[in-house]
Amino acid sequence: MPTATPDLLDEVGRRRTFAIISHPDAGKTTLTEKFLLFAGALHEAGAVKSRKQARTATSDWMALEKERGISISSTVLHFAYGPWRFNLLDTPGHADFSEDTYRTLWAADAAVMVLDAAKGLEPQTLKLFKVCRDRGIPIVTFVNKVDRPALAPLELLDQIAGQIGLDPVPVTWPVGDGGDFAGIVDRQAGELIRYDRTAHGSTIGDEERIPLEKAAEAGAEAIGCPADRFAQALEELELLDLDRPDVDGEAVLDGRQTPVFFGSALGNFGVRRLLEGFAELAPAPGPQTIVEPEDGDRPIEAPFSALVFKVQANMNPRHRDRVAFLRVQSGTFDRGMSATLARTGRPFALKYAHQLFASERETVEQAVAGDIVGVVGATGLQVGDSLYAEDRVVFPAIPTFSPERFARVRNRDSGRFKQFRTGLAQLDEEGVVHVLRHPELGDQELILAGVGQLQFEVTQHRMAEEFGCEISLEPAPFELARRIDAADEPKVRGQRGTSVFQDRHGTTLVLFRNAFALQWAQQDLPDVPFHELGISRS
Ligand code: G4P
C-alpha cells in the first residue's frame, strides 16, 4: 500500500541533503556557521566553532581530536531557509582520509565544494571530489576567502576544468580581491553586490545591490575599487557571457557542470546567494536503488524504509550510548514506529530517534525521505542495515574502500581479554577499522585493516579510553587484500607472499605482501578468482 500523499511529496521536494567537502582550513566550519545564521538557527555566528571546542572539552574520545587539532567525528545539522529544509552532513575535515567520510557522503544527494581562493584545488578536495564523482552527486563550488589576496578567478576555473574535469560555470564573479575586493556580480541579475568591509559577518545584515550598468557609470571609485581591477572584472564578465552561458540544471545534476560562487564566509558575503543558488540547483531526494525484492528503485512515496550509513558509539561520554544514523529512503518515519531489520528479519523499535542540532538533540516526531535520523541506544544496528515497514526491501551494501594499510594488534594487558574482544568487535561494527582474524590462530593473530593511519590511531585511543584496554600496533607486512571463495582457501594456503584471514562476516581474505605477490598468485593459481574488495581510493 503506497503511503503517498501530496503533502509527503511536497515535503520531500523541499529537502536538500548535502555535505560540504573541503581541504582543512578552507572555511567549511565558518561557512556552516553562516548557513545556520541565515536559517535563524543561530543568533550569533561562533556557535559552531564553540560547539567544536565544547565537544573536545567534554568527550574523552574527542581528546584525540583536540590533541591533533582535527575533527574526526561527523554530525548532521538540520536547518530551514525559505521553503527549503536542509540536512547538512558534516564530513570530517582532517587531511588523513578515513572510511567514515565515504559513508557520510553516501547519504548525501549533493555537495558544496569549498575552495580557498588563494590555494585553489588542494589534495583533500581532490580525494573527496573523487568520492562524490563515484557517487554521481552534483557539486556546487564556493570559492572562499576572496577578501584575502586570491588566485585569478579565471585560473581557478581552469583548475576545476583541468584537474577534475567539471565544466565550471560562474553564477557570481568577484570584483577585485584582498584589500581591493569590492563585491561580487550576480551574473543572472546583472547586479553588483557590494562588499561591506565594516560588517563583521556575525549577523545577517542587508546587501546593497546595484545594477551593473549603474555601477559602471558611477565608476570604480564609487564602489571602492581601483580602476584597473574594476575594468578587468567587467572585461572578464563580457568574456564569460560569450564563453560560458548560463548554468544548465540538467548538466549540474548529471555531474558535467559545477556552478561556481565567490565570496567570503568569514565576512558573511556571497553566502546567501550560494545558499539560494544551491537550493535551486541541488536535487531533492529521489528514488533509491534496491536489491530486494528485486533490483530496481524504491520510490520515495513507498512505505517507510531507511538505510543505516553510520554508527557512532560514545558520542556523549556521560551516557556512553550508541547512535545509528539512518537516512530515510521512502515513506514517513514516525517516532515510536516499529520497522523490520532486514538482516535479521526481526522487528526493531525506533523509539529513541533524534535529530541533532549543533550539540542539542531534538526528538524527531516525523521524518521523510532524505532526512537523517539518529537512533540512540541502537544496539543491534550496523552500517549498511536496511529497515522497512510492510514488505521487505533491501538497499545495496555501502561500498567500502579496499584496505591499503594493515597493522598487527596485540592486547597489552592479558587480564583484560574480554574488554579487548568487546572493544575491537564494537569498533569493527562501527566501521572505525576492519578486524581480520587468522582462521586457526583466532584472537592470537589479529590484523587491523583500513585506508588511513588515522583509523588505527582512533582505534588505539578509543580502546584505551572507552574499554580500558591498552593495545599495541605494529605495521603488518601487507599492501593489498583480495576476497576469495571459502572453498579456494586450501589452494591459496602457503602461497608465497600471502596470508589468509577472515573478516567479521566470515569472508575469506587474502593479504598480499605487495603487488608482485598478487601477480604470482594469479599466475600460480589461474583457477582461483581474486576479487577486488571495494573501490580503490587512488
Ligand atoms: P575548516 O572548517 O575548513 O577547517 O576551516 P574554518 O572554517 O575553521 O576556517 C579556517 C580559518 O580560515 C579560520 O581562521 C577562519 O576564520 C578563516 N576563514 C574562513 N573563511 C574565511 C574568509 O572568508 N576570509 C578570511 N579572511 N578568513 C576566513 P583561524 O585563524 O584558523 O581560526 P579563527 O581563529 O578565526 O577561529
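**Briefing: sheets, strand β30 and nonpolar cores**

In this predicted model, strands β1 (residues 15–22) and β3 (residues 84–89) are joined by 5 bridges and run parallel. Both belong to an open sheet of 7 strands with mixed pairing. The points below cover that sheet, its helices, the nonpolar cores and strand β30.

**The 7-stranded sheet**

- The strand order is β2-β3-β1-β4-β5-β11-β6.
- At the edges stand β2 (76–81) and β6 (167–170), each of which pairs on one side only.
- On average, and with direction ignored, neighbouring strands of the sheet are turned by 30° against each other.
- Within the pairing of β1 with β3, Arg 16 has Phe 86 of β3 as its bridge partner.

**Helices on the sheet**

- Helix α2 (residues 28–38) packs on the sheet and touches β1, β2, β3, β4 (110–116) and β5 (139–144).
- The direction of α2 makes about 155° with that of β1.
- Helix α6 (residues 123–135) lies across β1, β4 and β5, and its angle to β1 is about 145°.

**Nonpolar cores**

- The largest nonpolar core contains 63 residues, and those with the most contacts inside it are Leu 89, Val 175, Leu 192, Ile 223 and Phe 262.
- Domain 1 (16–281) and domain 2 (288–388) each supply at least three residues to this core.
- Beyond its neighbours within four places in sequence, Phe 262 is in contact with residues including Phe 142, Val 143, Val 146, Trp 173, Pro 174 and Ile 184.
- Other contacts of Phe 262 include Pro 153, Leu 156, Thr 172 and Gly 270.
- A second, separate core has 27 residues, among them Phe 18, Leu 31, Phe 79 and Val 140.

**Strand β30 and its partners**

- Strand β30 (residues 508–512) is mostly covered, with 5 of its 5 residues buried.
- In a regular strand, side chains alternate between the two faces of the sheet.
- In β30, Thr 508, Val 510 and Phe 512 point one way, while Leu 509 and Leu 511 point the other way.
- Strand β28 (residues 480–484) runs antiparallel to β30 and is joined to it by 5 bridges; here Arg 483 stands opposite Leu 509.
- Strand β29 (residues 498–502) also pairs with β30 in the antiparallel sense, over 5 bridges; here Ser 499 stands opposite Leu 511.
- The hairpin formed by β29 and β30 has 5 residues between the strands, and Gly 506 in the turn has a positive phi of about 85°.

Terms used
Residues numbered from 1 in each chain as written. Predicted model: local features only at pLDDT ≥ 70, side-chain atom pairs only at ≥ 80, totals over all residues. Heavy atoms only, no water. Buried < 20%, exposed > 50% of the residue type's maximum accessible area, 1.4 Å probe, protein only. Helix = DSSP H or I, 4+ residues; strand = E, 2+ residues; numbered from the N terminus. Pairing = 2+ DSSP bridges. Axes fitted to C-alpha atoms, helices over the stretch in contact; angles between N-to-C directions. Contact = heavy atoms within 4.5 Å. Core = buried A, V, L, I, M, F, W, Y, C linked by side-chain atoms within 4.5 Å. Domains from an automatic or database assignment.
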